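Let's go through this one by asking where each label comes from. Have a look at the model first, then we'll take the questions in turn.

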Amino acid sequence: MASLEYLVGKGFTPLVVSNLTLMPAERERLLPLCWQLVERPNYGYDFGAYRDGVLLALEAVPSMRQLLLANDSVWFPVPAASDWLAKAERLDVDLAGAASNDGWVDYLTDAGRGRRWVFDPLAPRLHYCSFALLLGSQVLRDPEFNRFWRKLKLTSDKLLTIRRGEIGLSRWIIDRGYSHGETLDLNQFEQELEQFDSARLYDLVEHLIIPEDVELRKEQKRLIEQPADRSDLVELRRFILLATAATGPAYALPHWSLQEQRFGFLKKSPMWLSEPTARITQSIIERHGDSAMLKEALQLACGVKSKS
């Protein structure tokens, strides 16, 4: 509801697509905040809903100036954050994403030893996270954009959905020469870390959210537990950068990004993926969120099993 209220306040007209059958009370709450409400079978994950919504919107409003694709895999906007849409619009690009993945391939080739932290806008697998994508009028007017969605094959395979949908849409836009960018600016992240003392580095290492990479979490635990007077600041910085590139900044960095960049998104899945990530996410909500976020987070965490 907070997301819809924010979007309405920014002048957007939400089209809500639910992959689940809604209860009557849920429909009553949603209808005043949306232009149309669509319920569909839970098939194709977020891109199944996106496909139905985009095609409906393109047919109903062919002269759209902007189209925002957003899903409820994140809390947005986090109360302590800045105005994300205003920041995205200031980028003045055809595709503005909240965050991206796989733009630091060179850094990962040697786990950060010897390579600088340099974002590569030409990285072959660079793509923008699907939880928030703002598309401009040039993309929307392209007849091939409509064709992309009509040809998109849905699947119940999550990894295949990511490849066809999240990566596929980003690559379609990038490869056609449209301008693109993201609001989570990490270009100076390595230089910022070089200014951190050992206490700040330890704090960030401890609060990195690493949902499913068991080996990275083991390394995280080892670094946290080592004696402070034997700490290697270079190693701590290297691990932060490695975990960010390997996990993705939207997952890994909210402890830093909400504080330093007032980034407006917090992933929900860490609340059920593992006990350590649930604990860290809850601490971030307690610091930057509100009671509604905390209530939902605790509900999501019910029954979580430790994977540490």
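Q: How far apart are the mean positions of the positive and negative charges of the chain?
A: This is a predicted model, and in it the two mean positions lie 4 Å apart. They are taken over 38 positive and 42 negative charges, with Lys and Arg counted as positive and Asp and Glu as negative.

Q: Why does the radius of gyration of the chain agree with a compact globule?
A: Put the two values side by side. For 308 residues, a compact globule would come out near 19 Å, and the chain has 20 Å, so the two agree. Along its principal axes, the C-alpha trace spans about 65 × 45 × 35 Å.

Q: What makes up the chain in terms of helices and strands, and what share of its residues is buried?
A: The chain has 17 helices and ten strands. Buried takes a relative accessible area under 20%, and 50% of the 308 residues fall in that class. As for the surface, about 15,400 Å² is exposed, with carbon and sulfur atoms supplying 50% of it.

Q: What share of the contacts in the chain between residues at least 6 apart in sequence joins residues at least 24 apart?
A: That share is 73%. A contact here needs heavy atoms within 4.5 Å.

Q: Why is strand E8 called largely enclosed by the rest of the structure?
A: Count its buried residues. E8 covers residues 132-136, and five of the five are buried, so the label follows. Both faces are covered too: Ala-132, Leu-134 and Gly-136 are buried on one side, Leu-133 and Leu-135 on the other.

Q: How do you know that E3 and E5 pair with E8?
A: Pairing takes at least two bridges. Strand E3 (residues 66-70) has five bridges to E8, and strand E5 (residues 95-97) has three, so both pass that cut-off. E3 runs antiparallel to E8, and so does E5. Leu-135 of E8 turns up in both pairings, as bridge partner of Leu-67 and of Leu-95.

Q: Why is Met-1 called partly exposed rather than buried or exposed?
A: Its relative accessible area is 33%. Buried would need under 20% and exposed over 50%, so Met-1 belongs in between.

Q: Where is Met-1, and which residues does it contact beyond its neighbours within four places in sequence?
A: Met-1 sits in the segment before helix H1 (2-9). Those neighbours aside, Met-1 touches Arg-29, Leu-30 and Leu-33. From Met-1 to Ala-132 it is 131 residues in sequence and 16 Å in space, C-alpha to C-alpha.

Methods. Residues are numbered from 1 along each chain as its sequence is written. This is a predicted model: local features need pLDDT of at least 70, side-chain atom pairs count only at pLDDT 80 or more; totals for chains, interfaces and linings use all residues. Side-chain values use heavy atoms; hydrogens and water are left out. Helices (H or I, at least four residues) and strands (E, at least two) are DSSP runs, numbered from the N terminus. The radius of gyration is taken over C-alpha atoms; the globule rule is 2.2 Å times the number of residues to the power 0.38. Buried means under 20% relative accessible area, exposed over 50%, partly exposed in between (1.4 Å probe, protein chains only). Accessible areas come from the Shrake-Rupley method with a 1.4 Å probe; for residues, only the protein chains shown count as cover. The place of a charge is taken as NZ of Lys, CZ of Arg, CG of Asp or CD of Glu.
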